[in-house]
Amino acid sequence: KWIPSLYRESETPQYLDCLIGRLEQSSCDPDEAPSSSEVEDLIENIVCSLQDIDQSAATQELLATADVIFCTLSTAGISAMKQTPKVTDLFIDEAAAATEAEICIPFHTRPDRMLAVGDPMQLPATIMSRHTADLGLGKSMHQRLMYDCGKTHIM
């Protein structure tokens, strides 16, 4: 399952098998070692076959079949990520440094659960627009939950 079908259907596995077979054969019988030009040719064939794989389709397949996806909040908003199926768990690292709007970027994946991790005493959420700050959108979700909800919190 973990090997994308686009890879399996390419010629890459055959070239890799051939290269590995030749190298294993030479470890048993040094006289059977492949020449450097043979190794270079096999590696060039591997590279060419990998370059023939449609990167967009490969990305989509990898995202659709992944058990875990690690990315930044901004990467979570790219079109390839928007086409991924629903995720079960969403982990957001450095969430205390992200504005509430940024935290919403990966919600298109419709997670069942979200864990936002971060230290609000480190980097604050950063915005460049004074107008946005005037609207109160310069806070991180951590900051709003910890200080604006009237609840006590323990660090």
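What is the volume of the largest pocket? The points below take up that question and then turn to the helices and to some single residues of this predicted model.

1. The largest pocket has a volume of about 780 Å³. Of the 30 residues that line the largest pocket, I69, F70, C71, L90 and F91 are the closest to its centre. Two elements, helix 4 (55-65) and strand 1 (89-92), give two or more residues to this lining, and the largest share, 4 residues, comes from strand 1.

2. As for the character of the lining of the largest pocket, a count by class finds 19 nonpolar residues, together with 5 polar and 6 charged ones.

3. Helix 2 covers residues 12-28, which makes 17 residues. From its first C-alpha to its last, helix 2 reaches 25 Å, and this is close to the 24 Å expected at 1.5 Å a residue. The buried residues of helix 2 are T12, P13, L19, R22 and S26, and what covers these buried residues includes helix 1 (5-8) and helix 3 (36-51).

4. Just ahead of helix 2, S10 is a residue to look at, found in the loop between helix 1 and helix 2. Is S10 buried or exposed? S10 counts as buried because its relative accessibility is 12%, and buried means under 20%. The side chain of S10 makes a polar contact with the side chain of T12, at 3.1 Å. When residues up to four places away in sequence are not counted, S10 touches S49 and I53.

5. S26, which lies in helix 2, has a relative accessibility of 16% and therefore also counts as buried. The side chain of S26 reaches the backbone oxygen of L23 at 2.7 Å. Leaving aside residues up to four places away in sequence, S26 touches E32, A33 and P34.

6. D52 can be set beside these two serines, and it is located in the loop between helix 3 and helix 4. With a relative accessibility of 68%, D52 counts as exposed, because the exposed class begins over 50%. How far apart in space are D52 and E40, C-alpha to C-alpha? The two residues are 18 Å apart by that distance, while in sequence D52 and E40 are 12 residues apart.

Definitions and conventions. Residues are numbered from 1 along each chain as its sequence is written. This is a predicted model: local features need pLDDT of at least 70, side-chain atom pairs count only at pLDDT 80 or more; totals for chains, interfaces and linings use all residues. Side-chain values use heavy atoms; hydrogens and water are left out. The expected span of a helix is 1.5 Å times one less than its number of residues. Buried means under 20% relative accessible area, exposed over 50%, partly exposed in between (1.4 Å probe, protein chains only). Contact means heavy atoms within 4.5 Å. On a 1 Å grid over the protein atoms alone, a cavity is a set of points where a 1.4 Å probe fits but cannot get out, and a pocket is an open set with protein on both sides within 12 Å along at least five of seven lines; lining residues have an atom within 4 Å of a point. Grid points are joined across faces, edges and corners, and a volume is the space filled by probe spheres set on the points. Ala, Val, Leu, Ile, Met, Phe, Trp, Tyr, Cys and Pro count as nonpolar, Asp, Glu, Lys and Arg as charged, and the others, Gly among them, as polar. A polar contact is a pair of N or O atoms within 3.5 Å; within protein, one must be able to donate a hydrogen and the other to accept it, and residues adjacent in sequence count only if both atoms are side-chain atoms.
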